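Colleague: I would like to go through the ligand site and the pockets. Please give the criterion behind each term.

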Amino acid sequence: EVPTTNASADATGPDGRKYLSQPLTTEIFTADPSAHVWGDGKLYVYGSHDIDGPAKEDDLGSHFEMRDYRVLSMDEPGGKTTVHPVALDVKDVPWASQQMWAPDAAFKNGTYYLYFPAKDKEGAFRIGVATSKSPVGPFKANPEPIKGSFSMDPTLFMDQGGESYLIFGGIWGGQLQRNVTGKYDPNGSKTDLEKPNEPALSPKIAKMNGDLMEFAEAPRDVKIVDEAGKPLLGGDTQRRFFEGSWLHKYNGKYYLSYSTGDTHNIVYATSDNVYGPYTYRGVVLKPVNGWTSHHSIVEWKGKWWLFYHDVQLSGDTRLRNVKMTELKYNPDGSIQTIDPFVK
Ligand code: FUB
């Protein structure tokens, strides 16, 4: 665990720009925030617990060597953030070997569920489930990953009728491009399909069984199209899916938001159907300080909030810190673009 003590309320980012908001905690490094409000009205953040490690920075994210999860909680927006003890450690996950990346959580019938990606003993990302009677853990992992799961960045979306869906995947280090045949190919492309004029790789969606433990169906592609209904292409790096899916509903519409990775935006697309196709709508969050951008969107105490991360505390891509800021919609349902720096 790496304590951090150098946070400063008026710290400036690159080019002397002032940050829009401040880290939620300086006790540990945190990233990939999945924010949830359960029955007690508090806000819980399920994210990555970043640590320093020996791996060199590369395009596959080898430098993200996280080994456990810590849950954050807040009673009020702007209030104190509590950092809870270790919720799940890689050593307690029988099938996992390394890289506990971006998780998400769910709650059903008195049980909290943690969905997490990690590399198995062969180096392939799989998605695991762990459960607890407490929102902050400790969580107990199932002995095997979800059958048929692959890649990373899972998010569990529970619709109003109670049906639940796991949306997941990411390219480059997230390995979607190494899973196109239905079997993990360790020698596959390091980046994407390498076909810039063909439809980009999509996030995957699968309905979950009622016990939220296994897929109820084979994962399908979540198609993302432009205003003309044409699929976004692999070469459209400003808009195409890279990683970090989040799904929420607003005024009856489904909003899929995600990171464009190497172009560093968080963007969104909307649909009337949970499975899509989703139509690209615009940018939620402009590039932050740091290579990765990863977010979640949640309604809490009558306002909508964007949770995201940057590297304000460390200046190092592998040691991130989570933040929150208010998110606003226009009357037509479009999201007002957020700049992580103040003009
Ligand atoms: O934290 C490791 C990886 O970096 C996440 O899984 C991605 O979304 C990116 O934030």
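Modeller: The turns below take the ligand first and the pockets second. This is a predicted model, in which local features need pLDDT of at least 70, side-chain atom pairs count only at pLDDT 80 or more, and totals for chains, interfaces and linings use all residues. Residues are numbered from 1 along each chain as its sequence is written, and side-chain values use heavy atoms, with hydrogens and water left out.

Colleague: What makes a residue count as near the ligand?

Modeller: One of its heavy atoms must lie within 4 Å of the ligand. There are 13 residues around the ligand, and Asp-32, Met-66, Asp-153, His-294 and Arg-320 come nearest.

Colleague: Why is the pair between Asp-153 and the ligand called a polar contact?

Modeller: A polar contact is a pair of N or O atoms within 3.5 Å. A side-chain N or O atom of Asp-153 is 2.6 Å from a ligand oxygen, so the pair qualifies. For His-294, a polar side-chain atom lies 2.7 Å from an oxygen atom of the ligand.

Colleague: How much of the ligand does the protein cover?

Modeller: The protein covers 99% of the 280 Å² of accessible area that the ligand has on its own, by the Shrake-Rupley method with a 1.4 Å probe.

Colleague: What makes a space a pocket?

Modeller: On a 1 Å grid over the protein atoms alone, a pocket is an open set of points with protein on both sides within 12 Å along at least five of seven lines. Lining residues have an atom within 4 Å of a point. The largest pocket is lined by 22 residues, including His-36 and Phe-157 among those nearest its centre.

Conventions: Polar contact = N/O pair within 3.5 Å; in protein donor to acceptor, adjacent residues only side chain to side chain. 1 Å grid on protein atoms, 1.4 Å probe; cavity = no way out; pocket = protein on both sides within 12 Å on 5 of 7 lines; lining within 4 Å.
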